[in-house]
Amino acid sequence: LLKEPRHAVISRKDADSEQIYKVLKQFPDSDLFSSAAFGGKDLMFSDSPTELIELPKSMDSFLYLREDYYEAMRALRAGNPPPPPQDRNIEWCTISHAEQQKCDSLQIPHMECRRASSVEECIQKIMRKEADALAVDGGQV
């Protein structure tokens, strides 16, 4: 599980993100993510990524970076470290009536079942901390 956000190209909400992606994809990823030829490190882009991917339209910076990132940044600016995570129930996201029934019938201690209408909605719930996990087929990720 990833504990820190990945790097991102962020644009204005009214910018044409598809056009930005198309323009950037004209260059080999190795050229975008290498600063050595310019005598520096992490120039324009971090040197560590290996490829540029386009995120779904429904993904915003809050969903991408996650609430805990925003909380940590706010705490650092205020000079207060974020509190340690507390033990709590796991919120499992289901995407069908049958999944919800199975989840409910398992009666796993410290696990609650939450229903969503799609994998994308479950992912959004996870990113907003309204759910903690879901199981999906590799083709759905």
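**Close-ups of two disulfides and a pocket**

Count the bonded cysteines along the chain and the disulfides pair up as 1-4, 2-3. This is a predicted model, and a search of the whole structure turns up two disulfides.

**View 1. The C93–C122 disulfide.** Here C93 and C122 are bonded, with 2.0 Å between their sulfur atoms. The pair ties together distant parts of the chain: C93 sits in strand β1 (residues 90-94) and C122 in helix α6 (residues 119-127), 29 residues apart. As for handedness, this link is left-handed, with -85° about the S-S bond. Both C93 and C122 are buried.

**View 2. The C103–C113 disulfide.** C103 and C113 are joined by a disulfide, S to S 2.0 Å. Again a helix and a strand are linked across distant parts of the chain: C103 belongs to helix α5 (residues 97-106), C113 to strand β2 (residues 111-115), and they are 10 residues apart. The torsion about the S-S bond of C103 and C113 comes out at about -85°, so this disulfide is left-handed. Neither partner is out in the open: C103 is buried, and C113 is too.

**View 3. The second largest pocket.** Now for some empty space: the second largest pocket holds about 160 Å³. Its lining is made up of L24, F27, D31, L32, S34, S35, F38, L43, M44 and F45. Sort those lining residues by type and you get seven nonpolar, two polar and one charged.

Key:
Residues are numbered from 1 along each chain as its sequence is written. This is a predicted model: local features need pLDDT of at least 70, side-chain atom pairs count only at pLDDT 80 or more; totals for chains, interfaces and linings use all residues. Side-chain values use heavy atoms; hydrogens and water are left out. On a 1 Å grid over the protein atoms alone, a cavity is a set of points where a 1.4 Å probe fits but cannot get out, and a pocket is an open set with protein on both sides within 12 Å along at least five of seven lines; lining residues have an atom within 4 Å of a point. Grid points are joined across faces, edges and corners, and a volume is the space filled by probe spheres set on the points. Ala, Val, Leu, Ile, Met, Phe, Trp, Tyr, Cys and Pro count as nonpolar, Asp, Glu, Lys and Arg as charged, and the others, Gly among them, as polar. A disulfide is a pair of cysteine sulfur atoms within 2.5 Å. Helices (H or I, at least four residues) and strands (E, at least two) are DSSP runs, numbered from the N terminus. Buried means under 20% relative accessible area, exposed over 50%, partly exposed in between (1.4 Å probe, protein chains only).
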